[in-house]
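Trainee: Could you walk me through this structure, step by step? I would like to practise reasoning with you.

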Amino acid sequence: AVNTAIFVAVGVPLTIVSGLAAASALNSGLIRFRSLFRVGFYLPVVTSIVAIAVVWRFLLDPEAGPVNNLLRLVGIDGPNWLANPSTALPSITVLAVWRNFGFLMVVFLAGLQAIPGHLYEAAQLDGAGRWAQFRYVTLPMLRPTLLFGAVVTGIGYLQLFEEPFVMTQGGPLSSTLSVSYHIYNQFGFGNYGYAAAASWVLFVAIVGLSVVQFRLLRARD
C-alpha cells in the first residue's frame, strides 16, 4: 500500500505537469512540426508495455545501459536502477510518467484550444504577462480538463500492475510491490477471500481519491 501511495502521490502530479507543459508548448505555436511532436509524444501510450519494458531495461542496464554510460562520462558511477530498492520504484515512476503524459497532452491541448482568445486579449490589455495569463486565465478555464486528467490518471496509477510485473516482479525486497500486484499474487496463492477483500479496499481507495480530486478541481465561478 505504501509503494502504491508513493507512486500515486509522485506520479500523478508529474504526469499532469508534464502533459500540461507539452500541451502548452505545442499550443503556443513556438514549436514547428507540431503534428509530428503530437504523434511522438502519444506513441508510448499505444505501445505495448512489453516492448517499452525491454527498451527501458536496456536503458537502465547497469553495465551497458546508455543512462549509466552518460553518468560515467561525468564521473558518476550509476546504480543498478531496477535491482536497488531505493531506485527501483522511482525508475518505474519515471517510466510510467513518460509512457502516460502523452495522453494528457492530447486532452490538455484540446482544452487549451477551446479557451476563447478574447480572454487573453482582455488580460493583455489589463497588463497581464504570460505567467499571469496562465495563472488567472488558462488554469481556471482548464479546471474541467484538469479534473478529467487527474481522475483518469489517479485511477490508472492506483491500479499499478503492468510495469512492476514486467520489469521487476515486485522486487527487489518488495520495493515495487503494488496493491494490484499483491492482489494478483494472493489469487495465485489461492487466498481468494483475502484477495477479494483487498480488491474492495482498492476500490474504496479509488473512490476516495476521485472524491478528493472532484472537490479540489471542480469548476468554480
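The talk below goes through the cores, one unusual loop and the pockets of this predicted model.

Trainee: Which helix gives the largest share of the largest nonpolar core?

Mentor: Good place to start! The core has 33 residues. Helices α1 (2-28), α5 (85-113), α6 (117-125), α8 (143-158), α10 (179-189) and α11 (192-217) each supply at least two of its residues. The largest share, nine residues, comes from α5.

Trainee: Which members of that core touch the most other members?

Mentor: Take one of them and look at its surroundings. Leaving aside neighbours within four places in sequence, Ile16 is in contact with Leu104, Phe108, Leu146 and Ala150. One of those partners, Phe108, is also on the list you want. The members that touch the most others are Ile16, Phe108 and Tyr157.

Trainee: How many residues are in the other core, the one among whose members are Ile49 and Ala53?

Mentor: That core lies apart from the one around Ile16. Its members also include Leu60 and Leu82. The number of residues is eight.

Trainee: Is Ser91 buried or exposed?

Mentor: Ser91 is found in helix α5. Its contacts, apart from neighbours within four places in sequence, are Leu60, Trp81 and Leu82; of these, Leu60 and Leu82 belong to the eight-residue core. The relative accessibility of Ser91 is 8%, and the cut-off for this class is under 20%. Ser91 therefore counts as buried.

Trainee: Now the loop between α9 and α10. Which peptide bond there leads to Pro172 and is cis?

Mentor: As background, most peptide bonds are trans. Pro172 lies in the loop between α9 (162-167) and α10. The bond leading to Pro172 has omega near -5 degrees. The cis bond runs from Gly171 to Pro172.

Trainee: What is phi of Leu173?

Mentor: Most residues other than glycine have a negative phi. Leu173 lies in the loop between α9 and α10, and its phi is a positive value in a residue other than glycine. Phi of Leu173 is near 55 degrees.

Trainee: Which class of accessibility does Leu173 fall in, and which does Ser174 fall in?

Mentor: Ser174 is in the loop between α9 and α10 too, with a positive phi near 60 degrees. Leu173 has 77% relative accessibility, and the cut-off for exposed is over 50%. Ser174 has 42%, which lies between 20% and 50%. So Leu173 counts as exposed and Ser174 as partly exposed.

Trainee: Let us turn to the pockets. Which helix gives the largest share of the lining of the largest pocket?

Mentor: This pocket has a volume of about 420 Å³ and is lined by twelve residues, with Asn27, Ser28, Tyr120, Arg130 and Thr138 nearest its centre. By class, the lining has five nonpolar, six polar and one charged residues. Helices α1, α6 and α7 (130-141) each supply at least two of them. The largest share, four residues, comes from α7.

Trainee: How many charged residues are in the lining of the second largest pocket?

Mentor: About 290 Å³ of space lies in this pocket. Of the 16 residues that line it, Arg99, Asn100, Gly156, Tyr157 and Glu163 are the closest to its centre, and α1, α5, α8 and α9 each give two or more to the lining. Eight of the lining residues are nonpolar and five polar. The number of charged residues is three.

Methods: Residues numbered from 1 in each chain as written. Predicted model: local features only at pLDDT ≥ 70, side-chain atom pairs only at ≥ 80, totals over all residues. Heavy atoms only, no water. Core = buried A, V, L, I, M, F, W, Y, C linked by side-chain atoms within 4.5 Å. Buried < 20%, exposed > 50% of the residue type's maximum accessible area, 1.4 Å probe, protein only. Contact = heavy atoms within 4.5 Å. 1 Å grid on protein atoms, 1.4 Å probe; cavity = no way out; pocket = protein on both sides within 12 Å on 5 of 7 lines; lining within 4 Å. Points joined across faces, edges and corners; volume = space filled by probe spheres on them. Nonpolar A, V, L, I, M, F, W, Y, C, P; charged D, E, K, R; others polar.
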